[in-house]
Every structure is written in C-alpha cells, then in structure tokens.
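Student: I'd like a close look at a single part of this one. Could you walk me through it in one go?

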Amino acid sequence: MNISRGDFGEYGPRISGRDAVTFTFAVKPSAEKISIILFDKSTYKQLSLIELSKDYAVGAVYSVLVTGINPDEICYLLKEDKKAYVDPYATAIVGRDLWADVTGREKHQFKVYSGISHIEKDWKDTKVQIEPTDMVLYKLHLRGFTAGFNMSESKVGTYKGLTSKISYLKKLGITSVEIMPLYDFEELFLETKGVISPKGKMTDVLEYTGKTNYWGFGLANYFAPKASYFGGAGKACDSMRNLISTLHANGMEAIMEFSFALEVSPQVYIDCLKYYVKYFHIDGFHIVGCNAPIERIAAEPFLAETKIFYEYIPEEILCQESGKKHLFIYNDSFMNVTRQIQNHMNGSMVQFANHMRRQNGSYGFVNYMANVNGFSLWDSYSYGEKHNMGNGEENRDGTNNNYSFNYGIEGKTTNKIINANRFREMRNAFTALFMSQSVPLIVAADETAATHEGNNNPYCQDNKIGYTMFAKNKSKNTLQTFVMELVAFRKHHKCLRGETPFYMNDYKHLGLPDMSFHGSEPWMMSIGEEQKALGVLYNGAYANEKEDVFVCYNFHYDSVDMALPLLAPGKRWRLCFNTAEFDDKSDFSPKPIHDQQSIKVPGNSITVLVGMKPEKK
C-alpha cells in the first residue's frame with residue numbers, strides 16, 4: 001500500500017483505478033493528528049492506520065491517494081486526534097445493510113463505517129423533461145409504500161417494491177414521484193449510556209431505545225443511498241440508479257426529499273444537491289426545514305434546471321428568477337385555506353379564490369390537501385383532534401392546526417351517513433386540488449382513503465399506523481377511480497393550469513376572459529366574505545382548446561342555483577360530474593343538460609361542466 005498527495009477534486013472517496021482510492025476531507029483547524037483507519041468490510045477488523053502530515057493538506061482540507069487497496073473490500077473511518085468518525089461525504093454506509101437489525105448490530109455496538117461506491121461509472125439513463133404545468137406529484141415513503149401493498153417480504157422496504165408499482169402510478173397519471181429520505185439515515189433511535197467495566201473503567205456505549213426513526217429525518221449520511229433500501233452498501237449506488245432510470249424510462253421525474261439537520265453547513269447543502277444531480281440524475285429536491293441556504297441554492301448554476309421545492313422563498317430571490325422555472329413554494333397554505341372553508345371553520349372565499357389561481361411566470365407553487373406532517377386526507381374528515389399517544393410524547397408532538405372535522409364520530413365508524421359525508425368531502429378536496437392552477441400533490445394512498453388512525457405525526461410508527469395502506473372496498477375503489485378521472489380531466493384541459501397568472505380579462509380578444517368569477521348571477525366579479533359559493537369559468541381558447549370549463553363550488557349546507565355564463569354561438573354546457581352524486585356507476589363523460597341558464601349545485605359539493613359544440617349526428 002502506498003500513499004501520495006490527492007487531487008483535492010471533490011470531498012469524499014473517489015475510486016481512482018482498480019486498486020486506488022482518493023480520500024478528500026476537511027477537518028477542524030485545531031486538530032493536530034489526522035489519520036484514516038481502514039477496516040475489512042466483512043469483518044470490521046482494522047487493517048491499517050494511515051497517519052497524515054500537513055504535506056497532504058491545503059488549509060484544513062486533506063487529500064490523499066491510497067494505492068494497493070481493493071475499494072470493494074474495505075471501509076474506513078476518519079480520525080481527528082482521539083475521535084474517529086464516519087466521513088460525512090462517504091458514498092456508502094457499511095453496517096446498516098438490513099432495516100432495523102437490532103440483534104445483528106448490537107454485536108458491533110451499533111457502529112457503522114464509511115463505504116466507497118463506484119459512482120464514477122457510466123450508466124444508461126433517459127432524460128425526462130416535464131413542464132411544471134404538466135406535473136402531478138405523488139409523495140411516498142419507500143418502506144411504507146411497499147408495505148402498504150402487502151408485497152412479498154423480499155420487496156417490502158426496497159426499491160424493487162417501488163419499481164414493481166410504477167405501472168400503478170402511471171395508470172393514476174403521476175408524472176413526478178417525491179420520495180422521503182433515500183439517503184442513509186439511522187433508523188434506530190440510539191442513546192449513549194455510561195457503563196462501568198469490571199475493572200472500574202467508565203466507557204460510553206450505544207443502546208437502542210426501542211423507538212424507530214421511520215421517516216428518516218435528522219442528522220444523516222446524506223451522500224450515501226440507504227443501504228437497506230438498495231440491497232446493501234455494495235449495491236446501493238447501482239440499485240438507486242436502477243430506480244431512477246426505471247422512473248425515467250417510464251416518463252417520470254424523481255424528486256428527493258431532504259431534511260438536513262440544523263448543524264449541517266451551507267456548503268454541505270450545495271455539495272449534496274450537486275452530487276445527486278451529477279451522479280444520480282435527480283430531477284428535483286424538496287428541502288424540509290427552515291435553515292436551508294435558499295439564496296445560494298437558487299443562484300447555483302449547476303442547479304439551474306433542477307426543481308427546488310421549499311416552504312418559503314424570499315420575494316427578493318423570486319424576483320431575480322428568469323429562464324426555466326425551477327423554484328417552487330411548497331407549504332400548507334392551500335390546504336389550510338381550503339379545509340377551513342370546506343369544514344365550515346370561518347374560511348374565506350376570497351382567500352380560496354386567490355389560492356385557486358396562485359401562479360407566477362418565473363416560479364411556481366405546490367398545492368396539496370394533506371401531507372405527511374399532518375392528518376392523512378381521510379383522517380382530516382374523520383378526527384377532530386390528533387391521537388399521537390403511540391409516539392411516546394404524551395400527544396404533545398404534531399401540529400394542532402389541522403382544521404379537521406370528524407363529521408359526527410371520532411375515528412372509524414360503520415355509520416353509512418357519516419362515511420358517505422367523509423367520502424364526499426374527499427372528492428371535494430381532490431376536485432379543488434386538481435382544479436387549482438398550481439402543481440397538485442397527492443400523498444400515497446390518499447386516493448384510497450388511507451388512515452393513520454388519527455396520528456398526525458407518525459414519524460416513529462414503523463407499522464400499519466405509519467404505512468400507507470391500500471385497503472380495498474367499494475367506496476375506496478370508487479374514490480380511486482374518481483381521482484384517476486380527475487387527473488385525466490386536468491391533463492385534457494390545459495386551460496385550468498396555465499404557466500402564467502390569470503389576468504381575469506380578455507386581453508387577447510377571444511370572446512371571454514381567460515378566467516372569470518360568477519355567482520347566482522353571471523359575471524359577478526366581487527366576492528363577499530359571507531359567500532360560500534363561487535363559479536369559476538376558464539376560457540379554453542386561451543390554451544388553444546375547443547372546450548371551456550366551468551367549476552361551481554358550493555360550501556353552503558344548502559343547495560344553490562349557480563348561473564351558467566353565456567357561451568359562444570354553437571356551444572352548449574355539458575355536465576361532467578358533481579361530487580355529491582358520484583358513485584361506482586359514474587364517470588366524467590359530458591352529459592347534456594336542458595337548462596342552459598343555471599344549475600342547482602347540492603350543498604357541500606362541487607359541480608364541473610364543460611362548454612362544447614355538440615357533435616353532429
């Protein structure tokens with residue numbers, strides 16, 4: 001084994017030949033003794049201690065080329081003075097090949113080691129470009145999603161389980177898959193305890209608390225694909241690329257969710273995002289948390305065509321955007337406004353109408369009616385309060401601002417009227433979501449009314465409470481069909497999802513405004529706070545379409561008569577569906593209606609019509 005000065009090219013290990021690896025890493029400026037400890041990958045037996053002098057450093061960065069080693073057979077730790085630790089830029093993690101392997105890992109005191117992947121290898125992939133207006137996002141947890149389908153044990157919690165369900169996602173109409181942490185996180189909550197040896201020496205040991213970090217948030221090994229998801233440390237790189245290329249081959253984007261710990265530096269943020277774009281062709285990132293260096297991320301040229309989703313992006317950053325749209329505001333705003341008015345919690349129709357047309361030419365928005373850090377969609381109409389006792393925090397965790405309503409009974413019930421009301425509200429929620437202008441997002445299995453049993457923060461529930469269960473019955477199958485029809489309807493009517501803001505006037509002189517508001521009388525442009533009903537007309541001509549779309553929202557308890565705006569000569573209104581009346585025999589095919597002046601919209605429901613020229617017989 002020989003060592004020489006490295007190239008300082010990128011942080012982390014890089015294979016530099018059949019038997020050579022370049023290690024580049026930064027240390028604390030105050031550290032005096034720097035070394036790399038090599039271990040046998042299968043036995044964890046120490047093989048060598050490589051002590052480094054300042055000859056291998058530039059400032060506090062060390063880079064060393066080590067030859068005469070097999071990168072597939074070793075793992076390593078970095079050491080500063082007396083502290084040995086995992087390389088934060090390690091491209092694989094050795095020691096966590098199996099999910100939550102408590103027994104196996106106890107034998108090695110829960111230690112993990114830095115691994116080395118062949119990330120420099122070329123691989124086949126298909127470039128996918130999906131315009132923001134065409135996107136339908138689907139958010140999932142790889143383990144929970146695969147467990148929810150009752151797959152074979154070999155597929156649960158693995159990328160193969162996800163790839164086996166891509167046909168399902170395509171049938172649903174999904175274009176972009178957001179996956180919760182795919183990087184290697186510690187799934188076992190461990191704590192350090194002091195132990196006195198027989199000789200009276202105090203040592204610190206790790207112990208398992210019995211709690212699982214199911215979601216994967218917190219300090220992690222961000223540059224390493226999760227070994228237990230991808231067949232072990234030795235296969236993780238190739239397997240993750242297999243997942244991404246399979247998604248791409250099916251015309252879908254791969255969006256990674258990142259939850260960086262507070263202590264992570266801005267430099268690591270930038271390096272990590274660039275790393276996954278360069279080596280894994282990731283199409284976008286949803287960054288969770290409030291500490292991201294969003295200004296640096298937005299300005300990074302390497303990420304100029306990578307979609308960035310973040311809760312809050314300052315106006316001064318958004319105003320500087322130009323070129324391909326790649327910044328998206330991703331937060332609870334649409335969900336909260338819509339739930340408030342839907343569940344009769346003093347919601348504002350003005351706010352609702354504004355959220356239905358949130359858009360900007362330079363940046364975008366993501367809308368959803370449920371997300372993982374809150375109630376599932378079904379639970380938001382089944383529980384009035386959170387039920388998180390199983391998380392071990394005495395129900396203190398999770399948000400209290402749910403704007404939820406149980407419709408008569410808390411939780412599960414066999415009451416047919418209550419369940420019918422809940423499914424109607426589910427259809428209302430999905431309809432509002434897919435008629436909104438921004439990018440719609442579905443959380444996995446909400447389309448089949450999945451429940452977390454009232455737990456609105458199942459971060460530690462590695463069980464059926466936390467999983468996305470795809471249970472089947474007549475009502476759930478009907479809801480699933482309804483969602484598929486909605487996705488198809490949105491894709492067919494581009495006038496609903498324009499890339500730029502609606503101007504609410506006929507600036508192209510096409511006969512009708514691009515978008516307009518209506519009520520019991522046509523062309524009523526003002527919206528009062530007391531109103532809970534609204535008609536929204538979309539002029540198809542502004543999207544070069546022959547059909548116009550009219551959406552009637554009625555959040556009153558009683559039915560209302562909504563005026564139907566006068567169409568261009570030769571066109572007639574056709575009814576596609578009403579959310580209160582949709583059942584297993586319904587579909588979205590346009591149906592003739594006699595009255596072309598008004599339509600009665602049942603209470604707590606949404607009616608959708610299209611204006612079209614009847615086909616000549």
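Student: Which residue in S13 is the bridge partner of leucine 140?

Tutor: It's isoleucine 179. Before we go on, a word on the ground rules: this is a predicted model, where local features need pLDDT of at least 70, side-chain atom pairs count only at pLDDT 80 or more, and totals for chains, interfaces and linings use all residues. Residues are numbered from 1 along each chain as its sequence is written, and side-chain values use heavy atoms, with hydrogens and water left out.

Now the strand that holds leucine 140. S12 covers residues 137-140; strands here are DSSP runs (E, at least two residues) and helices are too (H or I, at least four), numbered from the N terminus. Leu137 and Lys139 point to one side of S12, Tyr138 and Leu140 to the other, and all are buried, meaning under 20% relative accessible area with a 1.4 Å probe, protein chains only (exposed is over 50%, partly exposed in between). In a regular strand the side chains alternate between the two faces of the sheet.

S12 has parallel partners on two sides of the story. Four bridges join it to S13 (residues 176-179), and three join it to S23 (residues 439-443); strands count as paired if DSSP finds at least two bridges between them. On the S23 side, leucine 137 sits opposite leucine 441.

Follow the pairing round and eight strands close into a parallel barrel, in the order S12-S13-S18-S19-S20-S21-S22-S23. On average, neighbouring strands of this sheet are turned by 25° against each other, direction ignored; axes are lines fitted to C-alpha atoms, for helices over the stretch in contact, and angles run from 0 to 180 degrees between N-to-C directions.

Elsewhere in that barrel, S21 (residues 327-330) runs parallel to S22 (residues 364-368), joined by three bridges, with tyrosine 330 opposite valine 366. Helix H11 (residues 416-435) packs on the sheet, touching S22 and S23, and its direction makes about 150° with that of S23.

After S21 comes a loop leading to helix H9 (333-342), and asparagine 331 lies in it. Asparagine 331 is buried, at 17% relative accessible area. A polar atom of its side chain lies 3.1 Å from the backbone nitrogen of serine 333. Neighbours within four places in sequence aside, asparagine 331 is in contact (heavy atoms within 4.5 Å) with Glu311, Arg358, Val366 and Tyr368.

Key: A polar contact is a pair of N or O atoms within 3.5 Å; within protein, one must be able to donate a hydrogen and the other to accept it, and residues adjacent in sequence count only if both atoms are side-chain atoms.
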